[in-house]
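Open the model in your viewer and keep the selection box ready. We will walk through it stop by stop, choosing what to select and looking at what is there.

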Amino acid sequence: MFDLAIIGGGAAGASLLVHLLNAADDAEPRIRSVAVVDPGEPGRGLAFARPEPYVLCNTSVAVNTVNPTDPAHFERWLRSHPDRCHQWGWTCTDVHPSAFVPRGLYSDYLADQLHAALRRGRQRGIGVDHIRACATSIHTEDSGTVIHTPRGRTIRARRAVVCSGLGTSSATAHREAAADGLLRAVYDIPSYREFVPATGTVVVLGTRQSAVDAALLVAGTQPDVRIAMMSPSGRFPAARTSMVEVPGEWFTTDHLLAAGSAAPGELVRRWAMLLRAEGAPHAAVERAPRHADLDGVDLLADDLARTTAGRQAWEIVVPNALTVANEVWPTMAPAQRAAIRQAFTGLLRRYAAALPARNAERICHLAEEGRLWVTRGPRRWRRTRRHLEFEDAEGRVIRADRAVDATGLTAFGRVRGLAVEGRSLQAAAAAVDPVSLEAAPGIHLLGPPLGDTFAVNNYANATHRQAARLAEHLTAGNDANRYRGAQAW
């Protein structure tokens, strides 16, 4: 019987373990035994496990720190580990709060923090067992929680936290099966060099962050391959040159909580008003115009030029807005949450998913070389004997030698099906208490499985904040960490 079981040892699970071991009381730790259930190495997850140095984090050094109360923590680690930086083609002069480092380098940082926390845990008498297995189901009994694995192993713990992260969605899995090896999910390709042919055309389904990663992976692996990117909009996210969180003057937790029990419509108006007020000091900064006549690459190039020139106000406002939104989210009534999410998504979705400027430059450069183009679609697709054929919105048919599906990452896909108290993970997430993050007594969710307990899903900084709060909750054994105003609801 473990005191705690953590299902999933990726970024969220490792972050929880770091905060848990750092929060444990030296004299009498409340949690003395932890089981980490993951078939892979803890500290490495789907989001950050790529070994290619040009696959960058989508958020910068300042907000990717595992300790959100110490924004300079990750930067100090980078400067104190020049050998690690050098392995990824970086030097200490490249390191600054706005830098977007390779995902693998961030994974090294997270793994290093985990190993340091494990050493501290051992010194305090806290044992951590790594159980190399997947979990298929978890349910509660009188004595605690019971976790089952595919090979029939049973793991018992007083409490459990599900940190299963992102996986391939059912839709992507079905397309992958129908393509008979010619199409793969973006992060499920161990070696792009073996998957992508030396010449020909590769179709990348999607134009968001993971699709850009896929396009760069294809281009970096085979220099003579042409890349067609397809999505319903044919548009990329915005380009981002920095992401440093500066506490806002107007858009703050206190200002939003001051709205009290306002009706959803009034709360949305207040939300938008505070965002505008936050951007008011930057009145000289232009709002990016909509260019209906520009294709996706041209629009990205125009947005990149404006952002690089410092003419986009959203870069200044968004990082703080994301954090405040996730902090305030648990205190809102369900109707308020639904209204705020709709307004927040409309205002900031494109910018919350923004691309690092370096990756945007690479996409534009590939387009200038004639190696990459973007179109809307696909309307339909089919497999021939040796190729895949995709029809775009204009009726043009693109014959692909290989395809990469970057549309189907999800926390709830059947591919990573995990039953929580007999329910799907999605159903369990819908029942989560936003204060304790409990889906059922003794079963907590963390990271992407949280679903609607995040205003912005799968945001690394928010996950670290939630991990710190959950670790405090688990080690204190009470609800002393409830947000201000939560009792009002």
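A residue is called buried when its relative accessible area is under 20%, exposed when that area is over 50%, and partly exposed in between. Keep in mind on the way that this is a predicted model.

**Stop 1: D303**

Select D303, which sits in helix α10, residues 296-308. Is D303 buried or exposed? Its relative accessible area is 3%, so D303 is buried, since buried means under 20%. Now add A239 to your selection. Although D303 and A239 are 64 residues apart along the chain, their C-alpha atoms are separated by 6.3 Å.

**Stop 2: P82**

Next, select P82, in helix α3, which covers residues 82-87. The relative accessible area here is 42%, so P82 counts as partly exposed. Add E52, which is 30 residues away from P82 along the chain. The C-alpha atoms of P82 and E52 are separated by 18 Å.

**Stop 3: R103**

Move on to R103, which you will find in helix α4. R103 has 7% relative accessibility and therefore counts as buried. What does R103 touch, not counting residues up to four places away in sequence? Select A47, F48, V55, L56, C57, N58, Y187 and D213 to see these contacts of R103. Then zoom in on L56: its backbone oxygen lies 3.1 Å from a polar atom of the side chain of R103.

**Stop 4: helix α1**

Select residues 11-23 to light up helix α1, which has 13 residues. From its first C-alpha to its last, α1 reaches 18 Å, close to the 18 Å expected at 1.5 Å a residue. How many residues of α1 are buried? The count is 10 of 13, so the helix is mostly covered, buried being under 20% relative accessible area. Colour A12, G13, A14, S15, L16, L17, V18, H19, L20 and L21 to see the buried residues of α1.

What covers them? Show β1 (2-7), β2 (33-37), α4 (103-123), β3 (127-131), β6 (154-162) and α15 (460-476), which are included in the cover over the buried residues of α1. Helix α4 is also where you met R103.

**Stop 5: the nonpolar cores**

Keep L16 and L17 selected, and add L78, V101 and L446. These five have the most contacts inside the largest nonpolar core, which has 68 residues. Centre the view on L78: leaving aside its neighbours within four places in sequence, L78 is in contact with V61, C85, C92, V95, V101 and L105. Apart from this core lies another, of 36 residues. To find that second core, select A219, M229, L304 and L372, which are among its members.

**Stop 6: a sheet of three strands**

For the last stop, show the open sheet formed by 3 strands in the order β14-β15-β16, with antiparallel pairing. The edge strands are β14 (380-383) and β16 (397-400), each of which pairs on one side only. Neighbouring strands of this sheet are turned by 20° against each other on average, direction ignored. Strands of a sheet pair through backbone hydrogen bonds.

Follow the chain from β14 to β15: a hairpin joins them through 4 residues. Between β14 and β15 there are 4 bridges, and you can pick out W381, whose bridge partner in β15 is F390. Strand β15 (residues 388-391) is joined to β16 by 4 bridges. Finish by selecting E391 together with V397, its bridge partner in β16.

Methods
Residues are numbered from 1 along each chain as its sequence is written. This is a predicted model: local features need pLDDT of at least 70, side-chain atom pairs count only at pLDDT 80 or more; totals for chains, interfaces and linings use all residues. Side-chain values use heavy atoms; hydrogens and water are left out. Helices (H or I, at least four residues) and strands (E, at least two) are DSSP runs, numbered from the N terminus. The expected span of a helix is 1.5 Å times one less than its number of residues. Buried means under 20% relative accessible area, exposed over 50%, partly exposed in between (1.4 Å probe, protein chains only). Contact means heavy atoms within 4.5 Å. Two strands pair if DSSP finds at least two bridges between them. Axes are lines fitted to C-alpha atoms, for helices over the stretch in contact, and angles run from 0 to 180 degrees between N-to-C directions. A nonpolar core is a set of buried Ala, Val, Leu, Ile, Met, Phe, Trp, Tyr and Cys residues joined through side-chain atoms within 4.5 Å. A polar contact is a pair of N or O atoms within 3.5 Å; within protein, one must be able to donate a hydrogen and the other to accept it, and residues adjacent in sequence count only if both atoms are side-chain atoms.
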